[in-house]
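Good morning. I will walk through one structure today, and I would ask you to keep it on the screen while I talk.

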Amino acid sequence: MDTSSDQAVDSPAVNQNPTPSTSAVPAAAAQKPAPMASTSRPQAPARNARFGNIYPIEGLSPYQNNWTIKARVTQKSDIKTWSNPRGEGKLFNVTLMDDSGEIRATGFNLVCDELYPRLEEGKVYYISKARVNLAKKKFSNVNNDYELGFERNTEVEEVSFIFKKESPSGTSPHVYCSATKLPICLLSSTILWLWTPWKV
């Protein structure tokens, strides 16, 4: 009787540490990260064929020269003029916004004449080669320590969006460019188009 009682006590102890089954190995292996995850690099700024790296507005500073932002014009002022003993002039300003923040930009005199008709509220633009200055807080309520000064060589290009629109007959879609509102090209169900950069 003592032997049977010892076997009854010992048998659960053996079952508490079962030998791992081969079915558990694939599950453990599936939990391991993919090999590429350990060698991934920090995400680089987006690139544009014409302007190069696209920087977020919050990343701009006076210490950078070669940058481009992709931003929407959320506010555009009227042209303002001034006259004083030192001379006279005119200016306008816009507020630019992207996913990272917003910044105020100002153009004076000849630059005002050049860029004022080209910048419209609600539209998105690539903007580069503007001067980054410390913000004059008394003239702006934009939440940014810096502001942009448009210059003669500042480049501004409207971002064009490609979209499809059904043809009147309903047979096949046409492809339109938001800048021109004209069909680009259509061959059966395959869209063939050649993009050429242009200024707004």
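I will start with the model as a whole, then take the strands, the core and the aromatic rings.

What you see is a predicted model. The mean pLDDT of the protein chain is 73, and 55% of its residues reach 70 or more. Please treat two stretches with care. Over residues 7-15 the pLDDT stays under 50, and the model has zero contacts there beyond four places in sequence. Residues 21-25 also have pLDDT below 50, again with zero contacts beyond near neighbours in sequence.

Now the overall make-up. The protein chain has three helices and 12 strands. It has 200 residues, and 28% of them count as buried. If you take the contacts with a separation of 6 or more, 50% of them are between residues 24 or more positions apart.

Next, strand pairing, with E6 as the reference. Strand E6 covers residues 101-108. E5 and E6 pair in the antiparallel sense, over eight bridges, and a hairpin of two residues joins E5 to E6. To find one position in that pairing, look for Leu 96, whose bridge partner in E6 is Ile 103. E6 also runs parallel to strand E9, residues 146-149, and three bridges join these two strands. Arg 104 stands opposite Glu 147 in E9.

On to the core. The largest nonpolar core has 22 residues. Which of them touch the most other members? They are Ile 69, Val 94, Leu 96, Leu 119, Leu 148 and Phe 150. At least two residues of this core come from each of strand E3 (68-76), strand E5 (87-98), E6, helix H3 (109-115) and strand E7 (124-128). Leu 96, then, appears both as a bridge partner of Ile 103 and in that list of core residues.

Phe 150 deserves a slower look. Leaving aside residues up to four places away in sequence, Phe 150 touches a list of residues that includes Phe 92, Val 94, Ala 105, Val 111, Leu 115, Leu 119 and Ile 127.

Phe 150 also takes us to the aromatic rings. Phe 92, Tyr 116 and Phe 150 form one aromatic cluster. The ring of Tyr 116 has a charge over it: the charged end of Lys 76 sits 3.9 Å from the ring centre.

Across the whole structure, a search finds three aromatic pairs. In one of these, the rings of Trp 82 and Phe 108 have their centres 6.1 Å apart, with planes at 85 degrees, so the pair is edge-to-face. Trp 82 is in strand E4, residues 80-84, and Phe 108 is in strand E6, so the pair ties together parts that are 26 residues apart in sequence. Are these two residues buried or partly exposed? Trp 82 is partly exposed, at a relative accessible area of 32%. Phe 108 is partly exposed too, at 41%.

Last, an aromatic residue in another strand. Tyr 125 lies in strand E7. Its relative accessibility is 0%, so Tyr 125 counts as buried. The C-alpha atoms of Tyr 125 and Val 159 are separated by 5.2 Å, while the two residues are 34 residues apart along the chain.

That is the tour; I will take questions now.

Key
Residues are numbered from 1 along each chain as its sequence is written. This is a predicted model: local features need pLDDT of at least 70, side-chain atom pairs count only at pLDDT 80 or more; totals for chains, interfaces and linings use all residues. Side-chain values use heavy atoms; hydrogens and water are left out. Rings of Phe, Tyr and Trp (its six-membered ring) pair if their centres lie within 6.5 Å; planes under 30 degrees apart count as stacked, over 60 as edge-to-face and the rest as tilted. Helices (H or I, at least four residues) and strands (E, at least two) are DSSP runs, numbered from the N terminus. Buried means under 20% relative accessible area, exposed over 50%, partly exposed in between (1.4 Å probe, protein chains only). A charge sits over a ring if NZ of Lys or CZ of Arg is within 6 Å of the ring centre and within 35 degrees of the ring normal. pLDDT is the predictor's confidence in each residue, from 0 to 100. Contact means heavy atoms within 4.5 Å. A nonpolar core is a set of buried Ala, Val, Leu, Ile, Met, Phe, Trp, Tyr and Cys residues joined through side-chain atoms within 4.5 Å. Two strands pair if DSSP finds at least two bridges between them.
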